[in-house]
Amino acid sequence: MLNKIFFTLVFIASAQLAFSQSVLEETFYQSGKINVVIAVILVILLGLFFYLFRLNKKIDQLKK
Amino acid sequence: MSCLLDCQTFCILTFGEINEMMKNWWKFLAVILLTYVTLFSLLTPLVPGGLAVNINEIKIGENNIEFTGYNTHFNTDQANLRCFISVGQQWIEGKVTTIESDAKFQFSVNLPDTLPSTQVAFYAYTPTDGAVYVSSAVGFSDIVIDSNTKLPDLKNKVSNEEHKRWGFPFQPILFETIRNLMFHVPMWFSMFFLMGISLVASFKVLSGKWEQDVIAVSSAKVGLVFCVLGLITGSIWARFTWGTWWTRDPQLNGAMIVFIVYAAYVLLRNSIEDENKRARLSAVFNVFAFILMILLLMVMPRMVDTSLHPGKSGNPAFSKYDLDSSLRAVFYPAVIGWAMLGYWIYTIQKKLETLKQASHVE
């Protein structure tokens, strides 16, 4: 189930990337490229949350 | 009496809690530091700067130029707005024709048939913003370049002073992405810190304390997470400043090799069954990995001079930012805060590795 959702999301994201290269550039180049900073912060936050979530799950499993 | 007892138990509880909190003081510090860093790195404005001019070629006689600024106050301060073209070390004043907004105005300037230099920059000056400029490469149609030409010397009249507003430096091409300095760069500092812990633990393993292997592997794993985050964020930043996700840059390729080497460390460990042997072998690998990391990320990029990456040879950009006090006030806390967060995650990872080992022994 989770796998399916993940792959659908990846598919949608890559399709969007391929389809709207110019839209992507417009969003990231406008207003002094502030959206690049937002993207970077989101990557770090999501990455760390994902990692910690997985860690927590593993610890819980082992404790059982 | 019962009231007193209640009060006592309450006090004991809170003291216990306070004691617990005191032990974890650094976690609170990490949260405070990172909150400060996130707020200030996003809320500090950029100082005013020149963004663009709409001219590719200058000609003899009247030139009409549109100047676009960033965070400027052309309209608010229109009574004092002045504009100049600097040619070499000399100046020609222009005449403001229309002011569209705080960030945009048009001016016209009369150019003679000979100019002293090909180095042309466009300046706008208001007392609020100081002098902001755009230096773009322009072509010259029919204008003769003669270095002995004397233009009417306006140098003393042009106030080239810096703005008095507090903010992050305005850098061409980077613009707002200069804020990434507080997010992308500390990822690497945290990685170095965690790999350092790993190295110390590996030395201890080699001197006989093989139970320290848990520390070595958990800090290397968390360091690897920070390495991946550093690679991804760097790639995004590069895409919108250098124009490409990845480029053949010594710093970038070095970081990728470091990632592969440490990933190999984490993965290959699992192939050795005997715990004692695994600890010792991976400790040796880890020492070499650390040396490789120092060579690839600290030494090698400084020795070649074809690096786009700031802070390395051929590009003095980083030292320029580093000197700026507004960036330093946020950057140093950012490095410490992210490293502390890395250490925090490492303690959780260590818990998992200890549990894993215990379940293996059973």
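In this predicted model, helix 3 of chain A packs against helix 4 of chain B, which covers residues 213-241. Two packed helices are described by the angle between their axes and the distance between the axes. Here the angle is about 160°, and the axes lie 10 Å apart. Because angles over 145 degrees count as roughly antiparallel, helix 3 of chain A and helix 4 of chain B are roughly antiparallel to each other. Their crossing is right-handed.

A good way to get to know this pairing is through its residues. Helix 3 of chain A contributes Val36(A), Ala39(A), Val40(A), Val43(A), Ile44(A), Gly47(A) and Tyr51(A) to the contact. From helix 4 of chain B come Val225(B), Leu229(B), Ile232(B), Thr233(B), Ile236(B), Trp237(B) and Phe240(B). Of these contact residues, 12 are nonpolar and 2 are polar, while none is charged.

Helix 3 of chain A itself runs over residues 34-63. At 1.5 Å a residue, its 30 residues should span 44 Å, and the C-alpha atoms at its ends are indeed 44 Å apart, so expectation and model agree. The buried residues of this helix are Val36(A), Val37(A), Ala39(A), Val40(A) and Ile44(A). Among them, Val36(A), Ala39(A), Val40(A) and Ile44(A) also take part in the contact with helix 4 of chain B.

Stepping back to chain A as a whole, the chain has 3 helices and 0 strands, giving the pattern α-α-α along the sequence. Chain A comprises 64 residues, of which 9% count as buried.

Key. Residues are numbered from 1 along each chain as its sequence is written. Chains are lettered from A and ligands numbered from 1 in the order in which they are written. This is a predicted model: local features need pLDDT of at least 70, side-chain atom pairs count only at pLDDT 80 or more; totals for chains, interfaces and linings use all residues. Helices (H or I, at least four residues) and strands (E, at least two) are DSSP runs, numbered from the N terminus. The expected span of a helix is 1.5 Å times one less than its number of residues. A residue is buried if 20 or more other C-beta atoms lie within 10 Å of its own, exposed if 12 or fewer, and partly exposed in between; C-beta atoms are placed from the backbone. Axes are lines fitted to C-alpha atoms, for helices over the stretch in contact, and angles run from 0 to 180 degrees between N-to-C directions. Angles under 35 degrees count as roughly parallel, over 145 as roughly antiparallel, 65 to 115 as roughly perpendicular and the rest as oblique. A crossing is left-handed if the near helix is turned anticlockwise from the far one by less than a right angle, and right-handed if clockwise. Two residues are in contact if their C-beta atoms, placed from the backbone, lie within 7 Å. Ala, Val, Leu, Ile, Met, Phe, Trp, Tyr, Cys and Pro count as nonpolar, Asp, Glu, Lys and Arg as charged, and the others, Gly among them, as polar.
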